[in-house]
Structures are given as C-alpha cells and as structure tokens.
Amino acid sequence: KTVCAGYAVAMQYLLQSVGIPCGYVVSEFRAKSGHAFNVVKIGKFCYYLDATWGDSSNTLLGDKNNDIIKYSYCCVPYSDFILVDEANKHNHIPNKELYPWFKKELQSTGYEYYRYNKAFISRYNEDDLVSIFAGCASRYNPKEDGRFTISFRCSGKELAKQLSGMILNGSYYNRIVKKAQETLGKNKKNKVIKVKFNKKTSGYFSKMPHFLNYFTRFFRKPAW
C-alpha cells in the first residue's frame, strides 16, 4: 500500500534500471494537496505517465477492481494528460515553481499506449474494432495482465459515446467477436492458442469527464 509518491518513485526506479530515463514530478498544489507522477523519455521525445491512476485498486472501495490495469495515462501527451475533471486538473499540471524548465508542454504521441498498440480511433470503422478486439486477445498474458480487458481510446467524447452504445448492443458485439475470432484463426502465430471470448460480459462507459474519451469493456477470464 502506498500513495502516489510511492508509485512514482517505484516507476522511476524500474524504468531507470532498464535504461529508460524517467523523472519524478510533483504537480501544482491546491488546498495543500498535490500529486506525483513521472515524465519518461523514449527516443527523442518525453511523455507523461501516471502509474497511480493506472492501478484500478482502491482500498477505500474495497479493492473491487484490483486485477484491472488501466492505460489511460501511459506515455500520453499533455493534451490527454489534463483530461480530468476540473477539481483534479491541477494534479496533472507540473509545478512550475519546482520545475521552471516545464515551460513547454510535451505533446508527442508516438508511444502513447493506445496509439502505439493501434487502439486509437478517430472515426468509426468496423474493421478497426475487429482489429482491436483481436489485438487485445493476442497480446493478453494472464500471468501479467490481470483480468482480460479490451480497451481503446477515441479522439472525442461524441465518438466514444457512439461506439459505447453500439458495442453494448448484444448482436453487434457478437458480430465483432466472431470476426475477431476469425482474424485470430487466420494468423499463423495464433494457431496454437484458440481464443474464446465469453458471451457473459460486463461493460461500462464512465460519465466522469476524464474518461469521456475512453471506452473499456471488461470480460471474465477468457478460455485459452
């Protein structure tokens, strides 16, 4: 158990131990409260990373989702990093008194989790959804990834709202799953692993401002 400072220090230690430059950053303070996160350098560019908000467990909520990993703030540009509700926005703004060199906002997207894994949608295309479903299944490692999760990021809240309504429709969801299974079956790399998506699922579309651009659907452990 730890607070944000512990997450940020641990992330800095782990990344630097494998040769990835990582800084510890403190946010602006408001009402004597602040937040700690990281800035990571990959190649020529730097990205914001918040490991605390990537851990879905919360002792105040009884750790109901402690087996789910969220990537909403994994190597994101500044414009995505501050997609939080107004009361918490300061938690993702670097403290310029402590870090005067943060005069320029970091806006690189090359290693943002969803874009890097081809799970970023700027306009609706059914084939893209099929690829995302199949990609999540093929990358899934039950020993490291916790509960099997399919997630992707939309370019705006209207698109996210549109797609959430479509996917929560049972017949549409089943069609996407069937096509994803066919895609995996055609891939020679997946011929040993037969992926079966469970029909009994639970999904949600959060109404919190900082999740309006994200749609995540959680599944029971898939059969492999």
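**From overall fold to pocket and cysteines**

Of the 224 residues in this protein, 40% count as buried, and the model in which they are counted is a predicted one. The protein contains six helices and eight strands, and when these are read along the sequence they follow the pattern α-β-β-β-β-α-α-β-α-β-α-α-β-β.

The helix that opens this pattern, α1 (4–17), offers a simple check of geometry. With 14 residues at 1.5 Å a residue, α1 should span 20 Å, and its end C-alpha atoms are indeed 20 Å apart, so expectation and model agree. Within α1, the residues Cys4, Ala8 and Leu15 are buried; seen down the axis of α1, its buried residues fall within an arc of 40 degrees, which means that they line one face of the helix. Tyr13 and Leu14, by contrast, are exposed and lie on the other side of α1.

Helix α1 also takes part in the second largest pocket, since it is among the elements that give two or more residues to the lining, together with β2 (36–42), β4 (74–76) and α3 (113–116). This pocket holds about 580 Å³ of space and is lined by 24 residues, of which Met11, Ala51, Ile69, Tyr71 and Cys74 lie nearest its centre. By character, the lining residues divide into 16 nonpolar, four polar and four charged. As a general point about how such spaces are found, rolling a probe the size of a water molecule over the atoms shows where empty space is left.

Cysteine 74, one of the residues nearest the centre of the second largest pocket, lies in strand β4. With a relative accessible area of 22%, cysteine 74 is partly exposed, because the buried class ends at 20%. Cysteine 74 and tyrosine 48 are 26 residues apart in sequence, yet their C-alpha atoms are 7.0 Å apart in space.

Cysteine 75 has its place in strand β4 as well, but here the accessibility is 8%, so cysteine 75 counts as buried. Its backbone also deserves attention: phi of cysteine 75 is near 60 degrees, a positive value in a residue other than glycine. Most residues other than glycine have a negative phi.

Why do cysteine 75 and cysteine 74 not form a bond through their sulfurs? A disulfide is a covalent bond between the sulfur atoms of two cysteines. The closest cysteine sulfur to that of cysteine 75 is the one in cysteine 74, and because the distance of 4.4 Å lies beyond the 2.5 Å within which a pair counts as a disulfide, the two are too far apart for a bond. The structure as a whole holds zero disulfides. Cysteine 136 is another buried cysteine, with a relative accessible area of 8%.

A positive phi is found again at lysine 118, a residue other than glycine whose phi is near 55 degrees. Lysine 118 lies in the loop between α3 and β5 (120–121). Is lysine 118 buried or exposed? The relative accessible area of lysine 118 is 72%, and because the exposed class begins over 50%, lysine 118 counts as exposed, whereas cysteine 75, with its positive phi, is buried.

Notes: Residues are numbered from 1 along each chain as its sequence is written. This is a predicted model: local features need pLDDT of at least 70, side-chain atom pairs count only at pLDDT 80 or more; totals for chains, interfaces and linings use all residues. Side-chain values use heavy atoms; hydrogens and water are left out. On a 1 Å grid over the protein atoms alone, a cavity is a set of points where a 1.4 Å probe fits but cannot get out, and a pocket is an open set with protein on both sides within 12 Å along at least five of seven lines; lining residues have an atom within 4 Å of a point. Grid points are joined across faces, edges and corners, and a volume is the space filled by probe spheres set on the points. Helices (H or I, at least four residues) and strands (E, at least two) are DSSP runs, numbered from the N terminus. Ala, Val, Leu, Ile, Met, Phe, Trp, Tyr, Cys and Pro count as nonpolar, Asp, Glu, Lys and Arg as charged, and the others, Gly among them, as polar. Buried means under 20% relative accessible area, exposed over 50%, partly exposed in between (1.4 Å probe, protein chains only). The expected span of a helix is 1.5 Å times one less than its number of residues. The arc is that of the directions from the helix axis to the C-beta atoms.
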